[in-house]
Amino acid sequence: MAASKFKIALVQLFVTANKSENLARASKLISQAAGGGANLVALPECFNSPYGTKFFPEYAEKIPGESTNMLAKAAKDNKVFLVGGSIPEEDGGKLYNTSTVFNPEGELIAKFRKVHLFDIDVPGKIRFQESEVLSPGSGPVTFDTPYCKVGLAICYDIRFPELAQIYTRRGCKLLLYPGAFNMTTGPAHWELLQRGRALDNQLYVGTISPARDEKASYVAWGHSTLVNPWGEVVAKAGPEEDIIYSDVDMSYVDEVRSSIPTSNQRRADIYNLQDMSKN
């Protein structure tokens, strides 16, 4: 029988231009999170490199590679489920923004490539085009734990409610989004989107940002967060490097879904969502 409650740790890592330094720091914080009682630990988007199209080719690795080898060892040494944020991945001459997941035995159990690439142009504020360098992934990815099924996505993917709905239909009770929102979209949309996905799907949503570096070419908003199925923020970091912890209670997911049974009240005669992925 699955345990009804477990502890999650979201690691808001301060990322530098030194990959070896990033990996060593991440390894240390994973151990710290496990020491704090976490059963599942998650890192931020691009935890091994600065975030930016000019950095992706330079820092890209194959999987397995230096960064994922560290993750496998850290998961095994600390006996935790580990969501390795994301790294720039090189495969077959293409680059991807890729998240890997390892079980407490250090085995790779899931790999998700960012589905929706971050291409935006907010006049006078920010322009960013991931598609200039990266290729998109092919579909949703879930992984199983003794506690619940978890859905995985990255940053800009959170803006697409259909993906979260598909994960919910696949049986997920927790969605994790490693993400690096910026100083324009962060204060405007970061928490709002998380609460929307959690409330619409009546599940937990965790977001994991890099810590804010005011000197970086791309300044992350920070504020890694966990939201419960009622849409409440139950844990939230500031802008600085930090680890935030929270219990994730599966019985509470069931209670909310039973109290307001929207999943059983959908009108398939009026609208429908199709899961087209073969993943």
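Asp275 and Arg170 pair up in a salt bridge, with their closest N and O atoms 2.9 Å apart. That contact bridges distant parts of the chain: Asp275 sits in the segment after α6 (250–259), while Arg170 is in the loop between α4 (161–169) and β11 (172–178), 105 residues away. Asp275 is partly exposed at 37% relative accessibility, and Arg170 is partly exposed too, at 23%. Keep in mind that this is a predicted model.

Now for the other pairs. Across the whole structure, a search turns up 18 salt bridges, including these:

| Salt bridge | N to O distance | Separation in sequence |
|---|---|---|
| Asp275 – Arg170 | 2.9 Å | 105 residues |
| Arg113 – Asp91 | 2.9 Å | 22 residues |
| Lys114 – Glu45 | 3.1 Å | 69 residues |

Take Lys114 and Glu45, whose side chains meet in a salt bridge. This one also links distant parts of the chain, with Lys114 in the loop between β6 (108–113) and β7 (119–122) and Glu45 in the loop between β2 (40–42) and α2 (56–59). Are these two residues, Lys114 and Glu45, buried or exposed? Both are buried, so each has under 20% relative accessible area.

Next comes the side-chain salt bridge between Arg113 and Asp91. Arg113 belongs to strand β6 and Asp91 to strand β4 (residues 87–91), so the pair ties together parts 22 residues apart in sequence. Asp91 has a relative accessible area of 36%, which makes it partly exposed. There's a wider network here as well: salt bridges with shared partners join Asp91 and Arg113 with Glu89 and Lys111.

How values were computed. Residues numbered from 1 in each chain as written. Predicted model: local features only at pLDDT ≥ 70, side-chain atom pairs only at ≥ 80, totals over all residues. Heavy atoms only, no water. Salt bridge = Lys/Arg side-chain N within 4 Å of Asp/Glu carboxyl O. Helix = DSSP H or I, 4+ residues; strand = E, 2+ residues; numbered from the N terminus. Buried < 20%, exposed > 50% of the residue type's maximum accessible area, 1.4 Å probe, protein only.
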